[in-house]
Amino acid sequence: YEFDIEGASPMYRNIKEDIEGHRHPYGGGFVADTASVDDTVYVGQDAMVLGNSVVTDRAVISGHAVVCNARVSDTARINDYACVYGFWWAQPTISENAKVGENAVVTAGASVSGNARIMGNAYLLDNYSVTDDATVKGTAYCYGDGVASEQAILDGEFYNECSVSHGAAFGWMESEEYNENLPYTEGLYAGYEFDHESNVFAYDT
């Protein structure tokens, strides 16, 4: 559908308005005076580190990413339009070689570590943990105390609190047993076959 709106203009809110801060020496991004950011951290021109965040080592905050009340360390990367934010009672942790990008959100006490990737419109909250070589993408919604580890790929409209260690998991509220029996090929992230002609999409195995 298409529609026109007349007599109105987009609402814009500057989230760093009324926040005292400074430009980070490495990258020029905005850092609130309440946050602690090492000089070795890269904060891109349009990125922001707010609240009581602690960002250390050689972490990278770039694009239009926002980090607020979170802990980011090692060589972790937060980029694109990703948002990592916590509260006074729970702070998310992004560490090691983890990447959070595109439009992903990591909040509350969730953690991302190892070589894990959070991308697309994925949403992590509560104490959900993603580690090893796991990938969370699509519109996956991960909550509770679950763990995505090893070679798990959570995609599509995955909506669950269970733990997954391998295979590509989709859908709502599948059981632990179902996810434990997902087929997978060691080390395979994507698999397409071209035996059938298609002008619309690639057949995904």
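**Group meeting: pockets and sheets in a predicted model**

Okay, let me start with the smaller site: the second largest pocket comes out at about 190 Å³. Before I go on, keep in mind that this is a predicted model.

So who lines that pocket? Going along the chain, there's a run from Tyr12 through Arg13, Asn14 and Ile15 to Lys16, then Arg23. After that come Gln45, Asp46, Ala47 and Met48, and finally His64 and Val66. If you're thinking about probes or docking grids, the class split is 5 nonpolar, 3 polar and 4 charged residues.

Now the other one. The largest pocket has a volume of about 400 Å³. It has 17 lining residues, and those closest to the centre are Ile153, Ala168, Tyr189, Asp204 and Thr205. Here the lining divides into 9 nonpolar, 5 polar and 3 charged.

Right, on to the fold. The chain has 1 helix and 26 strands, so let's talk strands.

What order do the strands of the 8-stranded open sheet take? They run S4-S7-S10-S13-S16-S19-S22-S24, and the pairing is parallel. At the edges you find S4, residues 42–43, and S24, residues 168–169; each has a single partner strand, so one side of each is left without a neighbour in the sheet. Ala168 might ring a bell: that residue was on the list for the centre of the largest pocket.

To zoom in on one pairing in that sheet, take S10, residues 77–78, and S13, residues 99–100: they pair in the parallel sense over 2 bridges. If you want to click on something, Ile78 has Val100 as its bridge partner in S13.

There's also an open sheet of 7 strands, ordered S3-S6-S9-S12-S15-S18-S21, again with parallel pairing. Its edge strands are S3, at 36–37, and S21, at 147–148, each pairing on one side only. S21 pairs with S18, residues 129–130, in the parallel sense over 2 bridges, and Val130 finds its bridge partner in Ala148 of S21.

Last bit, the whole-chain numbers. The C-alpha trace spans about 55 × 45 × 30 Å along its principal axes. Of the 205 residues, 42% count as buried. The chain exposes about 11,800 Å², with carbon and sulfur atoms supplying 49% of that.

And how much of the contact map joins residues at least 24 apart? Taking contacts between residues at least 6 apart in sequence, it's 5%.

That's my tour, thanks.

Methods: Residues are numbered from 1 along each chain as its sequence is written. This is a predicted model: local features need pLDDT of at least 70, side-chain atom pairs count only at pLDDT 80 or more; totals for chains, interfaces and linings use all residues. Side-chain values use heavy atoms; hydrogens and water are left out. On a 1 Å grid over the protein atoms alone, a cavity is a set of points where a 1.4 Å probe fits but cannot get out, and a pocket is an open set with protein on both sides within 12 Å along at least five of seven lines; lining residues have an atom within 4 Å of a point. Grid points are joined across faces, edges and corners, and a volume is the space filled by probe spheres set on the points. Ala, Val, Leu, Ile, Met, Phe, Trp, Tyr, Cys and Pro count as nonpolar, Asp, Glu, Lys and Arg as charged, and the others, Gly among them, as polar. Two strands pair if DSSP finds at least two bridges between them. Helices (H or I, at least four residues) and strands (E, at least two) are DSSP runs, numbered from the N terminus. Buried means under 20% relative accessible area, exposed over 50%, partly exposed in between (1.4 Å probe, protein chains only). Contact means heavy atoms within 4.5 Å. Accessible areas come from the Shrake-Rupley method with a 1.4 Å probe; for residues, only the protein chains shown count as cover.
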